[in-house]
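Thanks for sharing this one. Here are a few notes to read alongside the coordinates.

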Amino acid sequence: VSPQIEIGSKPISTLSKEALVAPFVITFNGQNISRNSMSAETNLGVVKVEGEVHGAAKVVINGFTLGKFQPGSTKWIYYANENGDNLKPGLNKYEAYAIDADGKESEHTQFEIIYNKVVTSPKPTTDVVEKIAVPQ
């Protein structure tokens, strides 16, 4: 009997036998979406993207490996954040894929966030404007 090394809550042998399925988005900021849509529109500067994956040791989004993802987990979370430089006003495109315990990549999945940044007008000034008499 060969020993099994545990990663997270599942042995590596279990991870490698589970079929690798590309990541897909379930919610944007807690709102369920259609699996066919994979896009959201928002005026918020932070978007919590929650998704599902199977057979993955890692999840990568736009080249960033999700550090809190546990190998063998079926859930992942990604934050698109204006202050984190991964959410800009307008259309934002993301590409996600999974990597299994053997290093094999899943198919790549795309999702989009349209960020309609709210621009607030500056407060009106309370300075007094001097009236100038204009000769007629």
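1. Asp100 sits in the loop that joins strand 10 to strand 11. Please keep in mind that this is a predicted model. With a relative accessible area of 10%, Asp100 falls under the 20% cut-off and so counts as buried.

2. Which backbone nitrogens does the side chain of Asp100 reach? One is that of Asp102, at 2.9 Å; another is that of Lys104, at 2.8 Å.

3. Have a look at the surroundings of Asp100 too. Leaving aside residues up to four places away in sequence, Asp100 touches Leu20, Gly55, Ala56 and Ala57. Gly55 is 45 residues from Asp100 in sequence, yet their C-alpha atoms are 6.0 Å apart.

4. Now to the aromatic residues. The model has four aromatic pairs. In one of them, Tyr78 and Tyr94 meet edge-to-face, with 5.8 Å from centre to centre and 70 degrees between the planes. Tyr78 belongs to strand 9 (residues 75-81) and Tyr94 to strand 10 (residues 90-99), so this pair ties together parts 16 residues apart in sequence. Both Tyr78 and Tyr94 are buried.

5. Tyr94 also pairs with Phe111: the ring centres are 5.0 Å apart and the planes lie at 15 degrees, so this pair is stacked. Because Phe111 is in strand 11 (residues 109-115) and Tyr94 in strand 10, the pair ties together parts 17 residues apart in sequence. Phe111 is buried, as is Tyr94.

6. To place these pairs in context, Tyr78, Tyr94 and Phe111 join Phe28 and Trp76 in one aromatic cluster.

Methods. Residues numbered from 1 in each chain as written. Predicted model: local features only at pLDDT ≥ 70, side-chain atom pairs only at ≥ 80, totals over all residues. Heavy atoms only, no water. Phe/Tyr/Trp six-rings, centres within 6.5 Å; stacked < 30°, edge-to-face > 60°. Helix = DSSP H or I, 4+ residues; strand = E, 2+ residues; numbered from the N terminus. Buried < 20%, exposed > 50% of the residue type's maximum accessible area, 1.4 Å probe, protein only. Contact = heavy atoms within 4.5 Å. Polar contact = N/O pair within 3.5 Å; in protein donor to acceptor, adjacent residues only side chain to side chain.
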